[in-house]
Amino acid sequence: MPAMTPSLAEPTAEPAMNLPTRSWSQVPPATFWMALKRGFRRHCPRCGRGALFKGYLTVNEECPSCGLVMEPYRSDDVPAYFSILLVGHIVVPGLLALEKFAHPAEWVQLAIWLPVTLFGTLALLPFIKGAVIGAIWRSKQDKPAA
Ligand SMILES: [Zn+2]
């Protein structure tokens, strides 16, 4: 039988994960930045272990590790807004700088910046959606239970 050694993969996991007698309501909630970072890594904002998504953008119904129900933490179109905002701050200055210094043909600009916009947005979207869900989860921890 192999010796039980602590996992080195999750250095930020709370020791409370190993205490089955404590419920999550007794564990101090993660800070805003912890929840944001866990979500950005596409992990559950409460425990930081379970996968947040079961597909590209489909949120798990509940965390496979701690059982947090994800349904109340809907991010709607906020991740798309922030993704477009970030990619736009890369594409627009890049396009303008290329135009000013190299003045390429229009088709060259389109061939460069349309794929950068499309794939940059699609690549960022799951990370930003996770971070937004983490922020929403953390913001609801301060409100008293209804
Ligand atoms: Zn969890």
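**Three helices and a shared core**

Setting aside neighbours within four places in sequence, I133 has contacts with G39, P45, L52, V59, Y73 and S75. The model discussed here is predicted, and I133 is a useful place to enter it.

I133 is one of the buried residues of helix α3, a group that also includes I128, K129, G130, A131, V132, G134, A135, W137 and R138. The cover over the buried residues of α3 includes α1 and α2.

I133 also belongs to the largest nonpolar core, which has 15 residues. Within that core, the residues that touch the most other members are A35, L36, A131, V132, I133 and A135. Both α1 and α3 provide at least two residues of this core. The largest share comes from α3, which gives six residues.

Helix α3 runs over residues 106-141. Its 36 residues should span 52 Å at 1.5 Å a residue, and the end C-alpha atoms lie 50 Å apart, so the two values agree. The helix has a kink of about 35° at L125, shortly before the proline P126. The buried residues named above, from I128 to R138, are in this same helix.

Helix α1 covers residues 32-40. Its buried residues are A35, L36, R38, G39 and F40. Two of these, A35 and L36, are among the core residues that touch the most other members, and G39 is one of the contacts of I133. Part of the cover over the buried residues of α1 comes from α3. Just after the helix, R42 adopts a positive phi of about 65°.

Helix α2 is made of residues 78-101, 24 in number. From its first C-alpha to its last it reaches 35 Å, close to the 34 Å expected at 1.5 Å a residue. This helix also has a kink, of about 30°, centred on G88.

Which residues of α2 are buried? They are P79, S83 and V87. What covers them includes α3. Just after α2, H103 has a positive phi of about 45°.

Taken together, the descriptions return to α3. This helix is part of what covers the buried residues of α1 and part of what covers those of α2. In turn, α1 and α2 are included in what covers the buried residues of α3. The largest share of the core is also from α3.

Technical notes: Residues are numbered from 1 along each chain as its sequence is written. This is a predicted model: local features need pLDDT of at least 70, side-chain atom pairs count only at pLDDT 80 or more; totals for chains, interfaces and linings use all residues. Helices (H or I, at least four residues) and strands (E, at least two) are DSSP runs, numbered from the N terminus. The expected span of a helix is 1.5 Å times one less than its number of residues. The bend at a residue is the angle between axes fitted to the seven residues ending there and the seven starting there. A residue is buried if 20 or more other C-beta atoms lie within 10 Å of its own, exposed if 12 or fewer, and partly exposed in between; C-beta atoms are placed from the backbone. Two residues are in contact if their C-beta atoms, placed from the backbone, lie within 7 Å. A nonpolar core is a set of buried Ala, Val, Leu, Ile, Met, Phe, Trp, Tyr and Cys residues joined through C-beta atoms within 7 Å.
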